[in-house]
Amino acid sequence: MSQPAPTGLFLSFEGIDGAGKSSHIAGIAERFRAAGREVVTTREPGGTPLAESLRELVLHQAMDPLTEALLVFAARRDHLQQCIEPALARGAVVLSDRYTDATFAYQGGGRGFDLALLRTLEGWVQARADAPGRLRQPDLTLWFDLAPALAAERLAGARAPDRFEALDQAFFTRVREGYAARAAAEPQRFARIEANAPREAVAAQIARVLDARGL
Ligand SMILES: Nc1ncnc2c1ncn2[C@@H]1O[C@H](COP(=O)(O)OP(=O)(O)OP(=O)(O)O)[C@@H](O)[C@H]1O
Ligand SMILES: Cc1cn([C@H]2C[C@H](O)[C@@H](COP(=O)(O)O)O2)c(=O)[nH]c1=O
């Protein structure tokens, strides 16, 4: 008898720059590894050699909004093909520091780019070969929600700002609204994490979310 396909799990981590999401990914990876799961930690834009090259351009080269949107989706396509889909097919847990919600929040909300066009690109790039008509979306998205002023305080002086980090608080207010709109549209996929809390309290919130979903 043939074995059933292994069940992978796809988690994404979202929020404005400086919200604190990256600080928690290693701990979550350890939780799944301790449960015997293979874990793949990755990020967007990035996660493959090609997508990391595109990341350098997106974060550091001036470009118009359509070019930016096309590059983040090109990076995502390669990331999906080379990294995410094979890992999920093996039954791994994929933890991605950002995914498509970032495009709707940053390019859509922050830059004001046409959401209908972003949805078209999403449909092309994330179409699943194993499930015709369905898109590859995370099973769970942890949205680290923090006021832009607090995020800016956390990042101040930490490192040289990239093209996004150099933008003003009005931009990040729109990005935050973009995330809020995505969360409202898909409340079962999103878990909002109150990121304005000490690190241990944020970790406890994450643990409660994962426990509640049996993960
Ligand atoms: N709960 C917290 N309270 C105070 N500072 C924090 C907290 N969590 C993280 N930080 C600090 O805030 C800064 C940003 O954290 P982190 O890199 O995890 O955020 P991020 O959301 O991944 O940001 P980016 O997307 O810009 O990389 C770091 O200096 C980190 O040490
Ligand atoms: C996936 C994705 C990312 N961005 C932006 C968001 C951040 O400012 C950078 C990524 O760097 P970080 O280390 O994760 O903070 O890129 C974007 O504008 N659109 C996207 O789709």
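Which residues surround ligand 2? Let me take that one straight away. One caution before the list: this is a predicted model.

Asp-17, Glu-44, Pro-45 and Leu-59 belong to the set around ligand 2. So do Val-72, Asp-97, Arg-98 and Ala-102. Thr-103, Tyr-106, Gln-107 and Phe-164 complete the surroundings of ligand 2. Where does the largest share of this shell come from? From helix 4, residues 100-110, with four residues. By class, the shell around ligand 2 splits into six nonpolar, four charged and two polar residues.

Now ligand 1. Around ligand 1 there are 14 residues. Asp-17, Gly-20, Ser-22, Ser-23 and Arg-154 come nearest. Note Asp-17: this residue is in the shell of ligand 1, and it is also listed around ligand 2. Two helices each give at least two residues to the ligand 1 shell: helix 1, 22-34, and helix 8, 199-212. The classes here are five nonpolar, five polar and four charged.

Last topic: a helix pair. Helix 6 covers residues 148-155, and helix 7 covers residues 169-185. Their axes lie 9 Å apart, and the packing angle is about 120 degrees. Helix 6 and helix 7 are therefore oblique to each other. Their crossing is right-handed. Who meets whom? On the helix 6 side, Pro-148, Ala-149, Ala-151 and Ala-152. On the helix 7 side, Gln-169, Phe-172, Thr-173 and Arg-176. That contact has five nonpolar residues, two polar and one charged.

Definitions and conventions:
Residues numbered from 1 in each chain as written. Chains lettered and ligands numbered in written order. Predicted model: local features only at pLDDT ≥ 70, side-chain atom pairs only at ≥ 80, totals over all residues. Axes fitted to C-alpha atoms, helices over the stretch in contact; angles between N-to-C directions. Parallel < 35°, antiparallel > 145°, perpendicular 65-115°, else oblique. Left-handed = near helix turned anticlockwise from the far one by under 90°. Contact = placed C-beta atoms within 7 Å. Nonpolar A, V, L, I, M, F, W, Y, C, P; charged D, E, K, R; others polar. Near = placed C-beta within 6 Å.
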